[in-house]
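Student: I would like to learn how to read the surroundings of a bound molecule, and then how to read an open pocket. Could we work through both together?

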Amino acid sequence: MKLPIYMDHHSTTPVDRRVLEAMMPYFTEVYGNAASIDHEYGYQGKQAVDKAREQIASVINCKSEEIIFTSGATESDNLAILGIAEQYANKGKHIITCVTEHKAVLDTCKHLERRGWMITYLPVDQQGLVSPDDVRKAITRETVLISIMAANNEIGVLAPIEEIGKIAHQHEVFFHTDATQAIGHIPIDVQAMSIDLLSMSGHKIYGPKGIGALYVRNHQPRVKLVEQMHGGGHERGMRSGTLNVPGIVGFGKALEIAKQEMKNENQRLKALRDRLWDGLKENYPKVMLNGHPTQRLSHNLNISLPGIESRSLLVLLKNEIAISMGSACSNATVEPSHVITALGFGDDRAYSSLRFGLGRSNTEEEIDYATQKIIAAINRLQRFL
Ligand SMILES: *Cc1c(COP(=O)(O)O)cnc(C)c1O
């Protein structure tokens with residue numbers, strides 16, 4: 001067993017060996033610029049990119065030309081929201097989103113708010129679910145975009161995106177979903193779910209860091225975006241810049257593997273997750289689950305330990321388990337998680353929260369070891385109270 005045990009797969013994942021192997025030739029031998037197709041080097045690069053585009057498109061049921069490569073989900077979220085806002089400002093200046101979104105969505109919306117846009121931040125219930133009815137009621141004649149994430153990165157809750165997509169299309173409003181945590185873990189179908197824009201990222205699915213994509217629907221309805229990166233007109237003019245060929249190859253391969261292994265891996269991880277929860281509950285009955293008990297990612301567990309400050313617990317556990325309080329991005333600040341706070345239980349619940357993101361490397365032995373160490377650390381902290 002390698003210590004500390006990595007259980008923070010919502011913040012990032014290691015690159016799968018098979019993914020790395022697929023990428024390797026594109027750093028050295030096949031280094032052509034995918035846009036320089038007048039010669040063999042560039043053409044081979046383009047072919048590799050085309051293949052990855054198809055691998056990704058087949059996972060979400062879209063056409064390969066609807067995939068726009070970006071540097072990651074942060075950029076995809078920015079491109080989707082700012083690109084729509086700029087393109088459709090004539091129609092109206094209202095966007096609907098949700099309080100538990102990732103900062104890449106929330107801070108982009110705040111940026112627009114400062115520029116005169118109206119943003120509706122929908123609440124969630126105590127289990128972290130956004131209500132489709134609330135979405136419907138929030139729509140006005142000014143609404144141009146609904147942005148609701150598919151799976152939450154802290155509590156793993158799955159939003160009713162199919163229902164929300166239907167509502168969006170009934171009202172002729174575009175629907176964007178940040179599916180960074182959902183893709184490769186649950187089936188996503190942009191047709192069945194009426195999704196117009198979808199953000200994803202390589203490094204959350206055992207692919208490399210610094211590569212992501214935005215799906216942009218090009219028929220029924222055709223979505224137009226104002227580009228946020230100007231230059232050579234790559235990616236149908238929506239995102240200029242030389243393509244990251246090795247990253248794109250790795251991203252495509254990673255998603256292909258995730259799709260193949262999704263069913264078995266979900267079952268395996270759900271069993272491990274439930275074992276972890278049962279072990280904690282048995283030894284510390286006060287433990288509380290954050291987020292919906294069943295409508296959640298099978299590899300996510302988010303708990304609060306009443307009477308225990310998670311920051312102190314993490315210090316005691318740092319050589320044993322790599323877990324976090326919540327999103328990696330907000331760890332630099334001392335503020336409690338905006339997601340746990342949004343559940344409406346007060347700050348204490350957020351200050352005592354822990355997020356587990358299980359992944360491919362985790363075993364039953366590791367779960368039992370982690371459970372034992374957490375309980376021991378809780379007991380140690382309680383002795384100081
Ligand atoms: C990680 C994450 C992001 C940011 O993705 P990057 O590729 O790291 O920029 C955005 N949204 C969600 C839900 C995430 O989990």
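**Reading the ligand shell and a pocket**

Tutor: Begin with which element supplies the shell: in this predicted model, helix H3 (residues 73–88) contributes the largest share of the residues around the ligand, namely 3.

Student: How many residues make up the shell around the ligand, and which come nearest?

Tutor: A residue is counted when one of its heavy atoms lies within 4 Å. Here the shell holds 13 residues, of which Thr74, Asp178, Gln181, Ser201 and Lys204 come nearest to the ligand. By class, the shell comprises 8 polar, 3 charged and 2 nonpolar residues.

Student: What polar side-chain distances to the ligand should I look at?

Tutor: Look at pairs of N or O atoms within 3.5 Å. An N or O atom in the side chain of Ser201 is 2.6 Å from an oxygen atom of the ligand, while for Gln181 a polar side-chain atom lies 2.7 Å from a ligand oxygen, and for Lys204 the corresponding distance to an oxygen atom of the ligand is 2.7 Å. Of the 380 Å² that the ligand exposes when taken alone, the protein buries 87%.

Student: What is the volume of the second largest pocket, and which residues are closest to its centre?

Tutor: The second largest pocket has a volume of about 220 Å³, and among its 15 lining residues the closest to the centre are Lys270, Arg273, Pro293, Thr294 and Arg296. Helix H7 (residues 245–283) gives the most to this lining, with 5 residues, and the classes in the lining of the second largest pocket are 6 nonpolar, 5 polar and 4 charged.

Definitions and conventions. Residues are numbered from 1 along each chain as its sequence is written. This is a predicted model: local features need pLDDT of at least 70, side-chain atom pairs count only at pLDDT 80 or more; totals for chains, interfaces and linings use all residues. Side-chain values use heavy atoms; hydrogens and water are left out. On a 1 Å grid over the protein atoms alone, a cavity is a set of points where a 1.4 Å probe fits but cannot get out, and a pocket is an open set with protein on both sides within 12 Å along at least five of seven lines; lining residues have an atom within 4 Å of a point. Grid points are joined across faces, edges and corners, and a volume is the space filled by probe spheres set on the points. Helices (H or I, at least four residues) and strands (E, at least two) are DSSP runs, numbered from the N terminus. Ala, Val, Leu, Ile, Met, Phe, Trp, Tyr, Cys and Pro count as nonpolar, Asp, Glu, Lys and Arg as charged, and the others, Gly among them, as polar. A polar contact is a pair of N or O atoms within 3.5 Å; within protein, one must be able to donate a hydrogen and the other to accept it, and residues adjacent in sequence count only if both atoms are side-chain atoms. Accessible areas come from the Shrake-Rupley method with a 1.4 Å probe; for residues, only the protein chains shown count as cover.
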